[in-house]
Amino acid sequence: GVIEGVTSTKYKPNHRVTRAEFLALAIRASKFATASYQGNISDVSSSDWYASVVATAVKEGIIASGEAFRPNDDITREEMCQILVKCYEKVKGEISANANLTFADTNKMSDTTSVKKAVAAGLMQGRDESTFAPGDFSTRAEAAVVIGRFLK
């Protein structure tokens, strides 16, 4: 009940995931009580399908009120870490940021703490042993895998 197909007969695992779609998955997996949208995100309208998801994320401290959310942008792997870690810590407690990142592209990360925490908790892994690919966009298959790890 956390993730659905794009139609009743197609899942499209290699399709990119938007920030709103991934936030919806993470909020559903966290089982937060749904909040009503208050119009406090500049690029979200109360008529958007994800308005209550965004409202719930603001209420729970997953995203900040008053800032643009960019809901229709494709989500990067690093952005997935940020959302996942905030949801995980809200539901399951603090994650240590003691993971030693050995990825060659660590210098491309703007938020190494979220990536360290996501790796330490087993939520995210590198694209391979030497690359995390923080700026790469995520697919529906990748989103399903990390949400599955979150739920374990």
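Buried means under 20% relative accessible area, exposed over 50%, and partly exposed in between, using a 1.4 Å probe and protein chains only. This is a predicted model, in which local features need pLDDT of at least 70 and side-chain atom pairs count only at pLDDT 80 or more, while totals for chains, interfaces and linings use all residues. Residues are numbered from 1 along each chain as its sequence is written, and side-chain values use heavy atoms, with hydrogens and water left out.

**View 1. K31 and A133 have a positive phi.** Most residues other than glycine have a negative phi. K31 is not a glycine, yet its phi is positive, at about 60°. K31 sits in the loop between α1 and α2 (51-59). Helices here are DSSP runs (H or I, at least four residues), as are strands (E, at least two), and they are numbered from the N terminus. K31 counts as exposed because its relative accessibility is 71%. A133 is another residue other than glycine with a positive phi, near 60°. Look for A133 in the loop between α4 and α5. A133 is buried, with a relative accessible area of 8%.

**View 2. The largest pocket is lined by 13 residues.** Rolling a probe the size of a water molecule over the atoms shows where empty space is left. The search uses a 1 Å grid over the protein atoms alone. A cavity is a set of points where a 1.4 Å probe fits but cannot get out; a pocket is an open set with protein on both sides within 12 Å along at least five of seven lines. Lining residues have an atom within 4 Å of a point. The largest pocket holds about 260 Å³ of space. Its volume is the space filled by probe spheres set on the points, with grid points joined across faces, edges and corners. R19, I62, I63, E67 and K86 lie nearest the centre of this pocket. Helix α3 (residues 77-92) gives the largest share of the lining, 4 residues. By class, the lining has 7 nonpolar, 1 polar and 5 charged residues. Ala, Val, Leu, Ile, Met, Phe, Trp, Tyr, Cys and Pro count as nonpolar; Asp, Glu, Lys and Arg count as charged; the others, Gly among them, count as polar.

**View 3. Helix α1 gives the largest share of the lining of the second largest pocket.** The volume of this pocket is about 190 Å³. Helix α1 (residues 19-30) supplies 4 lining residues. Among the residues of the lining are I3, E4, G5, V6, W49 and R140. The lining also includes V17, E21, A24, L25 and R28. By class, the count is 6 nonpolar, 1 polar and 4 charged residues.

**View 4. The buried residues of helix α5 lie on the same side.** Helix α5 (residues 140-151) has 12 residues. From its first C-alpha to its last, α5 reaches 16 Å, close to the 16 Å expected at 1.5 Å a residue. The expected span is 1.5 Å times one less than the number of residues. Which residues of α5 are buried? They are R140, A143, V146, I147 and F150. They cover an arc of only 130° around the axis, so they share the same side of α5. The arc is that of the directions from the helix axis to the C-beta atoms.

**View 5. C81 and C87 are both without a disulfide partner.** A disulfide is a covalent bond between the sulfur atoms of two cysteines. Here the test is a pair of cysteine sulfur atoms within 2.5 Å. The structure holds 0 disulfides. C81 is in no disulfide, and the nearest cysteine sulfur, that of C87, is 12 Å away. Why is there no bond for C87? The closest cysteine sulfur, in C81, is 12 Å from that of C87, too far for a bond. C81 counts as buried, at 0% relative accessibility. C87 counts as buried too, at 1%.

**View 6. V85 in helix α3 is paired here with L123.** V85 is buried, with a relative accessible area of 4%. V85 and L123 are 38 residues apart in sequence. Their C-alpha atoms are 8.5 Å apart in space.

**View 7. T113 belongs to helix α4 (residues 112-120).** T113 is partly exposed, with a relative accessible area of 41%. T113 and S96 are 17 residues apart along the chain, and 9.3 Å separates their C-alpha atoms.
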